[in-house]
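These are my notebook entries on a single chain, written down in the order in which I looked things up.

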Amino acid sequence: TPDFTIDNLAPAAPVIALSAAPANDCYKDGETVTFTVSVIEQGCGTFDENNVTVSVDNGLTATFDAVTGVTGTGNPWVLTYTIPVTGATVDQTYTITATTTDAAGNGPVAEAAAETFDVDNTAPVIVDYNVTSGACTGATQTVTFTVTLEEEGCGTFNQNDITPAID
């Protein structure tokens, strides 16, 4: 008589994690959001990217890249996905969600916690500037000025991000 196993166990809730994210999980044009979805298949049978449904809100699409870890039943399957950020990507917070259903049809099981990232493709805006050293300055004198900028995005901003120029 042939042996067989009945799989009534759904996969564990997938875990989403950003990989090598920039500061504040803030991305800009030309960068790629890379993340993993880790899943433990608790039953028997095969499991791959076709058993995971990944969604990103607000019109972005995640692309499956690779299975980076497969250790079998009861151990994590780690799938890697990417999302390219372009200049056309709207500045806002995006949410990544995932569900899994195993080959036996057990599921869907939603992620333990959604993952978020921000996009900031908008440069800071100069809202005010003022030369405080006087209107007439000699060649060997220092020009002192104040610039007020407004940064509404998610990135960090400090004096190292400013390049003064004289024209």
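Before placing any residue in a loop, I note that strands here are DSSP runs of E with at least two residues, numbered from the N terminus. I also note at the outset that this is a predicted model.

**Entry 1, backbone angles.** I began with the stretch between S1 and S2, where I found Asp25 in the loop. Its phi is near 50°, a positive value in a residue other than glycine. With a relative accessible area of 27%, Asp25 is partly exposed, because the band called partly exposed runs between the 20% and 50% limits. Ala20 lies in the loop between S1 and strand S2, the latter covering residues 26-27, and the phi of Ala20 is likewise positive, near 50°. Ala20 has a relative accessibility of 81% and therefore counts as exposed. I wrote these two down since most residues other than glycine have a negative phi, and most peptide bonds are trans. On the second point I looked at the peptide bond from Gly107 to Pro108, which is cis with omega near 5°. Pro108 is found in the loop between S7 and strand S8, where S8 spans 109-110.

**Entry 2, the nonpolar core.** Which residues have the most contacts inside the largest nonpolar core? I listed Phe35, Val37, Val52, Val54, Ile83, Ile96 and Phe117, in a core of 23 residues. Strands S1 (15-19), S3 (32-40), S4 (52-56), S6, S7 (92-100) and S9 (115-119) each supply at least two residues of this core. As general background, nonpolar side chains tend to be buried together in soluble globular proteins. I then followed Val37 and, leaving aside neighbours within four places in sequence, found Val37 in contact with Pro14, Val15, Ile16, Val52, Val54, Trp77, Val78, Leu79, Tyr81 and Ala98.

**Entry 3, Thr34 and Thr80.** Next I turned to two threonines that touch each other. Thr34 is found in strand S3 and, at 23% relative accessibility, counts as partly exposed. Beyond its neighbours within four places in sequence, Thr34 is in contact with Ala17, Leu18, Ser19, Thr80, Tyr81 and Thr82. I also recorded that Thr34 and Ile83, though 49 residues apart in sequence, are 6.5 Å apart in space, C-alpha to C-alpha. Thr80 has its place in strand S6, residues 76-84, and is it buried or exposed? With a relative accessible area of 9%, Thr80 is buried, because the limit for that term is under 20%. Its contacts, with neighbours within four places again set aside, are Thr34, Phe35, Thr36, Thr63, Phe64, Asp65, Ala66 and Thr68.

**Entry 4, aromatic rings.** How many aromatic pairs does a search of the whole structure find? The search finds 4, of which I describe two here. Phe64 and Tyr81 form an edge-to-face pair, 5.6 Å centre to centre and with 70° between the planes. This pair links distant parts of the chain, with Phe64 in strand S5 (residues 63-70) and Tyr81 in strand S6, 17 residues apart. Phe64 counts as partly exposed at 29% relative accessibility, whereas Tyr81 counts as buried at 4%. Tyr94 and Phe117 form a stacked pair, 5.4 Å centre to centre and with 20° between the planes. Tyr94 lies in strand S7 and Phe117 in strand S9, so this pair ties together parts that are 23 residues apart in sequence. I noted that Tyr94 is buried and that Phe117 is buried too, and that Tyr27, Tyr94 and Phe117 form one aromatic cluster.

**Entry 5, a surface patch.** Finally I looked at the surface, where Ile126, Tyr129, Val131, Val143, Phe145 and Val147 form a nonpolar patch with about 580 Å² of accessible area together. Two or more residues of this patch come from strand S10 (125-131) and likewise from strand S11 (145-150). S10 gives the most to the patch, with 3 residues. I checked Phe145, which lies in strand S11 and which, at 42% relative accessibility, counts as partly exposed.

Notes. Residues are numbered from 1 along each chain as its sequence is written. This is a predicted model: local features need pLDDT of at least 70, side-chain atom pairs count only at pLDDT 80 or more; totals for chains, interfaces and linings use all residues. Side-chain values use heavy atoms; hydrogens and water are left out. Buried means under 20% relative accessible area, exposed over 50%, partly exposed in between (1.4 Å probe, protein chains only). Contact means heavy atoms within 4.5 Å. A nonpolar core is a set of buried Ala, Val, Leu, Ile, Met, Phe, Trp, Tyr and Cys residues joined through side-chain atoms within 4.5 Å. Helices (H or I, at least four residues) and strands (E, at least two) are DSSP runs, numbered from the N terminus. Rings of Phe, Tyr and Trp (its six-membered ring) pair if their centres lie within 6.5 Å; planes under 30 degrees apart count as stacked, over 60 as edge-to-face and the rest as tilted. Patches are made of residues with over 30% relative accessible area and no salt bridge: like charges are joined within 9 Å, nonpolar side chains (Val, Leu, Ile, Met, Phe, Trp, Tyr) within 5 Å. Accessible areas come from the Shrake-Rupley method with a 1.4 Å probe; for residues, only the protein chains shown count as cover. A salt bridge is a side-chain nitrogen of Lys or Arg within 4 Å of a carboxyl oxygen of Asp or Glu.
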